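I opened this notebook to record what I looked up in one structure, entry by entry. Each entry keeps to a single residue or element and its surroundings.

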Amino acid sequence: MIIDALKSQNLRHSTLSQTAIDALDATWRTEFASDARPLIGSVTGNQLSRFLKDKQIASGGVITEILVIDAKGLSAGESEVSSDYWQGDELKWQKTYLAGSPVLFVDAAEKDESTQMLQSQASLTISDPQTGKPLGAITIGINLDAL
């Protein structure tokens, strides 16, 4: 499911310029603070996001979020709503997708201000199993207090 979703979104987003990506990210950020959320809903309501949410719930609180990111650094699926759409300016995408495959990046543990949980994120490149070409990345937030 993840591979198919990334291939599909990469194809749809193949011609997006950085200006268009910035505009989409600005729209997402505006919607994040609003009740009207068509762009956010198009991601969080898709089949991939529902699948990721089910995996998060099944973890019993160990996984705090799962985020799948396409080749442009845009969210393809999210188990929880993130505050931005473009992840391409963040280490979780830069140290995985841009580095090629296979790459695993584990970010430093931080205390989440809102939940007071000690969390870390593990991110890795997702590659096409047939070609080995990177398709995107996945980030999994881990509640270290639950381990």
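The entries below go from strands to a buried threonine, then to a helix residue, the salt bridges and a surface patch. I kept in mind throughout that this is a predicted model.

**Entry 1: strand β1**

I began with strand β1, which covers residues 63-69, and asked how many of its seven residues are buried. I found five of them buried, so the strand is largely enclosed by the rest of the structure. I then looked up its pairing and noted that β1 runs antiparallel to strand β6 (residues 134-143) over six bridges, and that β1 also pairs in the antiparallel sense with strand β2 (residues 75-78), over three bridges. Leu-67 let me follow both pairings from one position, since Leu-67 stands opposite Thr-139 in β6 and has Glu-78 as its bridge partner in β2. Between β1 and β2 I found a hairpin with five residues separating the strands, and in its turn Gly-73 has a positive phi of about 90 degrees.

**Entry 2: Thr-139**

I next followed the β6 partner itself, asking whether Thr-139 is buried or exposed. Its relative accessibility is 1%, and because buried means under 20%, Thr-139 counts as buried. I looked for polar partners of this side chain and recorded a polar contact of 2.8 Å between the side chains of Thr-139 and Ser-123. Leaving aside neighbours within four places in sequence, I listed the residues in contact with Thr-139, among them Glu-65, Ile-66, Leu-67 and Ile-69, and the list also includes Lys-92, Gln-121 and Ala-122.

**Entry 3: Gln-9**

In helix α1 (residues 2-13) I picked out Gln-9, which counts as buried at 5% relative accessibility. With neighbours within four places in sequence again left aside, Gln-9 is in contact with Asp-70, Leu-74, Ser-75, Ala-76 and Tyr-85.

**Entry 4: salt bridges**

I then turned to charged pairs and asked how many salt bridges the structure holds. The structure holds five, and I wrote down the details of some of them. Asp-128 pairs with Lys-7, with 3.2 Å between the closest N and O atoms. Asp-128 sits in the loop between β5 (118-127) and β6 while Lys-7 belongs to helix α1, so this salt bridge ties together parts that are 121 residues apart in sequence. I noted that Asp-128 is buried at 10% relative accessible area, whereas Lys-7 is partly exposed at 32% relative accessibility.

Arg-29 took a longer look. Its side chain meets that of Asp-25 in a salt bridge of 2.9 Å, N to O, and the two residues are four apart in helix α2 (residues 18-32), which means that about one helical turn separates them. Arg-29 is partly exposed at 42% relative accessibility, but Asp-25 is buried at 9%. I also found a salt bridge of 3.4 Å, N to O, between Arg-29 and Asp-84. This pair links distant parts of the chain, 55 residues apart, with Arg-29 in helix α2 and Asp-84 in the loop between β2 and α5 (91-94). Asp-84 is buried, at 7% relative accessible area, and through shared partners the salt bridges join Asp-25, Arg-29 and Asp-84 into one network.

**Entry 5: a nonpolar patch**

Last, I looked at the surface and asked which residues form a nonpolar patch there. I recorded Leu-104, Val-106 and Leu-124, which together have about 270 Å² of accessible area, and I placed Val-106 in strand β3 (residues 104-106).

How values were computed: Residues numbered from 1 in each chain as written. Predicted model: local features only at pLDDT ≥ 70, side-chain atom pairs only at ≥ 80, totals over all residues. Heavy atoms only, no water. Buried < 20%, exposed > 50% of the residue type's maximum accessible area, 1.4 Å probe, protein only. Pairing = 2+ DSSP bridges. Patch = residues over 30% accessible without salt bridge, like charges linked within 9 Å, V, L, I, M, F, W, Y side chains within 5 Å. Areas by Shrake-Rupley, 256 points an atom, 1.4 Å probe, with all protein chains shown as cover. Polar contact = N/O pair within 3.5 Å; in protein donor to acceptor, adjacent residues only side chain to side chain. Contact = heavy atoms within 4.5 Å.
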